[in-house]
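Welcome! Have a look at the structure below, and then let's walk through it together, one part at a time.

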Amino acid sequence: MSDLIRQRRANRARFLEALYRCSEEQATEYVDGYEIADELGIERTDAERIVRYLEDHGFAAKTGRTGMVVRITAPGIDEVERRLAPEDAE
């Protein structure tokens, strides 16, 4: 697998985990996806691509027609918890 593909896959996972963390820590379920991207050092165009991917897989939902206000969905929460759970916990 190329380094570019590895990096994109890692960035999608990091972004989804950040959405998960925000949903657990903040009073509101919606967050600015650009702020998450900035925090993670991800370019805005890459963040937009990541959010489209997460939406296509049902892991995130965008609100409104402009900007990058997003929230994690129940399947997104399940995906993060599945990834982060110890293998022997099942």
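Let's begin in helix 4, where Glu79 and Arg83 sit 4 residues apart, which means that about one helical turn separates them. Keep in mind as we go that this is a predicted model. The side chains of Glu79 and Arg83 meet in a salt bridge, at 2.9 Å from N to O. The two partners differ in their surroundings: Glu79 is buried, with a relative accessible area of 14%, while Arg83 is partly exposed, at 38%. Elsewhere, Arg21, Glu25 and Glu39 are joined into one network by salt bridges that share partners.

Let's stay with helix 4 a little longer, as it spans residues 74-84. Which of its residues are buried? They are Gly76, Glu79 and Val80. Looking down the axis of helix 4, you would find these buried residues within an arc of 95 degrees, so they line one face of the helix. On the face turned away from that buried side are the exposed residues Ala74 and Asp78. And what covers the buried residues of helix 4? The cover includes helix 1 and strand 3.

Helix 1 and strand 3 also take us to the largest nonpolar core, since each supplies at least two of its residues, as do helix 2 and helix 3. This core has 22 residues, and Phe15, Leu19, Ile36 and Leu54 touch the most other members. Helix 1, running from 3 to 25, gives the most to the core, with 6 residues. Phe15 is a good place to pause. Setting aside its neighbours within four places in sequence, Phe15 is in contact with Gly33, Ile36, Ala37, Leu40, Ala47, Ile50, Val51 and Leu54.

Now back to charged pairs. Side chains of opposite charge can pair when their charged atoms come close. How many salt bridges does the structure hold? There are 7. One of them links the side chains of Arg6 and Asp3, at 3.2 Å from N to O. Both lie in helix 1, 3 residues apart, or about one turn of the helix. Here Asp3 is exposed, with a relative accessible area of 62%, and Arg6 is partly exposed, at 43%.

Helix 3 offers another pair, Asp46 and Arg49, likewise placed 3 residues apart, about one turn of the helix. In their salt bridge, the closest N and O atoms are 2.6 Å apart. Asp46 counts as partly exposed at 27% relative accessibility, and Arg49 counts as partly exposed at 34%.

Notes
Residues are numbered from 1 along each chain as its sequence is written. This is a predicted model: local features need pLDDT of at least 70, side-chain atom pairs count only at pLDDT 80 or more; totals for chains, interfaces and linings use all residues. Side-chain values use heavy atoms; hydrogens and water are left out. A nonpolar core is a set of buried Ala, Val, Leu, Ile, Met, Phe, Trp, Tyr and Cys residues joined through side-chain atoms within 4.5 Å. Buried means under 20% relative accessible area, exposed over 50%, partly exposed in between (1.4 Å probe, protein chains only). Contact means heavy atoms within 4.5 Å. The arc is that of the directions from the helix axis to the C-beta atoms. A salt bridge is a side-chain nitrogen of Lys or Arg within 4 Å of a carboxyl oxygen of Asp or Glu.
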